[in-house]
Amino acid sequence: MKNHIRDYATAAFRFYAEQDMSADEYKKKIYDEALEDYRKRQESEGISFPIEAAIIRAERAVNEKLAEIKDMEAVELTVAELRVKPQGRAIVQAIEIVYFKDADKELEKGDIHSRVHTAEIYIPASQKTVYRWLRNARKLFAEKRGLRI
């Protein structure tokens with residue numbers, strides 16, 4: 001798999017974990033924040049709160065984050081599909097250990113390798129197997145997201 005797909009999928013898994021909510025919850029959060037922001041802005045300017053304009057503004061805010069939402073949905077679909085496969089629980093554990101851990105922090109050099117080693121011990125599975133599982137999970141994510149592989 002090409003490096004840009006690997007990097008994109010890895011970032012999407014980490015973004016999903018960082019949000020700590022489902023794609024639908026994230027979408028609702030964006031929508032609600034946009035409505036609240038619009039309401040506060042209107043009140044501070046002494047203008048009435050026209051509902052239709054607020055809804056349009058909230059829908060626009062969601063559309064601006066559509067790529068992030070689609071990434072989160074693809075991660076959810078990937079994890080759901082993996083869970084029902086043979087060894088699916090172990091594969092999802094590998095994703096959680098390697099990609100979901102400290103998702104709010106930048107990856108440092110060697111972090112992935114170190115986490116794969118942790119997964120290798122915890123699951124247990126060979127290092128080669130963990131890397132294969134992660135590669136397959138990234139590929140499945142790319143398919144769910146509609147990316148060219």
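**Stop 1: Ala23 and its neighbours**

Start by selecting Ala23, then add Ile69, Met72, Glu73 and Glu76: Ala23 touches these residues, leaving aside any up to four places away in sequence. Keep in mind as you look around that this is a predicted model. Ala23 sits in helix α2. Is it buried or exposed? Its relative accessibility is 1%, so Ala23 counts as buried. Now pick Phe141 as well and draw a distance between the two C-alpha atoms. Ala23 and Phe141 are 118 residues apart along the chain, and their C-alpha atoms are separated by 15 Å.

**Stop 2: the whole chain**

Zoom out and switch to a cartoon view. How many helices and how many strands are there in the chain? You should find 7 helices and 0 strands. Walking from the N terminus, you meet α-α-α-α-α-α-α.

Turn the model around to get a feeling for its outline. The C-alpha trace spans about 65 × 25 × 25 Å along its principal axes. The radius of gyration of the chain is 19 Å, whereas a compact globule of 149 residues would have one near 15 Å.

Next, try a surface view. The chain exposes about 9,300 Å², and carbon and sulfur atoms supply 50% of that area. Of the 149 residues, 37% count as buried. If your viewer can colour by charge, try that too: the chain has 28 positive and 27 negative charges, and their mean positions are 8 Å apart.

One more view of the whole chain concerns its contacts. Taking those between residues at least 6 apart in sequence, 66% join residues at least 24 apart.

**Stop 3: helix α1**

Select residues 3-19, which make up helix α1. This helix has 17 residues and reaches 24 Å from its first C-alpha to its last, close to the 24 Å expected at 1.5 Å a residue. Show the side chains and look for the buried ones, among them Ile5, Phe13, Phe15 and Tyr16. Arg14 and Gln19 of α1 are also buried.

Then pick His4, another residue of helix α1. His4 has a relative accessible area of 51%, and the cut-off for exposed is over 50%, so His4 counts as exposed. From His4, draw a distance to Ala17. The two are 13 residues apart in sequence, and 20 Å apart in space from C-alpha to C-alpha.

**Stop 4: two loop residues with positive phi**

Step just past the end of α1 and select Asp20. Asp20 lies in the loop between α1 and α2 (23-44). Why pause here? Most residues other than glycine have a negative phi. Asp20 is not a glycine, yet its phi is positive, about 55 degrees. At 69% relative accessibility, Asp20 counts as exposed.

Now jump to Gln87, in the loop between α4 and α5. What is the phi of Gln87? It is positive, about 65 degrees, although Gln87 is not a glycine. Gln87 is exposed, with a relative accessible area of 51%.

**Stop 5: from Asn63 to Asp111**

Select Asn63 in helix α3, which covers residues 51-64. Asn63 is exposed, with a relative accessible area of 53%. Add Asp111 to your selection and draw the C-alpha to C-alpha distance. Asn63 and Asp111 are 33 Å apart in space and 48 residues apart in sequence.

**Stop 6: a cis peptide bond**

Select Ile123 and Pro124 and show the backbone atoms. Pro124 lies in the loop between α6 and α7. Is the bond from Ile123 to Pro124 cis or trans? This peptide bond is cis, with omega near -20 degrees. For comparison, most peptide bonds are trans.

**Stop 7: helix α7**

Finish with residues 127-145, helix α7. Its 19 residues reach 27 Å from the first C-alpha to the last, close to the 27 Å expected at 1.5 Å a residue. Show the side chains again: the buried residues of α7 include Trp133, Leu134, Leu140 and Phe141, and also Arg138 and Arg145. Phe141 is the residue you paired with Ala23 at the start of the tour.

What covers the buried residues of α7? The cover includes α1, α4 (66-83), α5 (88-100) and α6 (111-122). Give each of these helices its own colour and look at them around α7. Your last selection is Gly146, which follows α7 and has a positive phi near 80 degrees.

Key:
Residues numbered from 1 in each chain as written. Predicted model: local features only at pLDDT ≥ 70, side-chain atom pairs only at ≥ 80, totals over all residues. Heavy atoms only, no water. Helix = DSSP H or I, 4+ residues; strand = E, 2+ residues; numbered from the N terminus. Rg over C-alpha atoms; globule rule 2.2 N^0.38 Å. Buried < 20%, exposed > 50% of the residue type's maximum accessible area, 1.4 Å probe, protein only. Contact = heavy atoms within 4.5 Å. Areas by Shrake-Rupley, 256 points an atom, 1.4 Å probe, with all protein chains shown as cover. Lys, Arg positive; Asp, Glu negative; His and termini not counted. Charge placed at Lys NZ, Arg CZ, Asp CG, Glu CD. Expected span 1.5 Å × (residues − 1).
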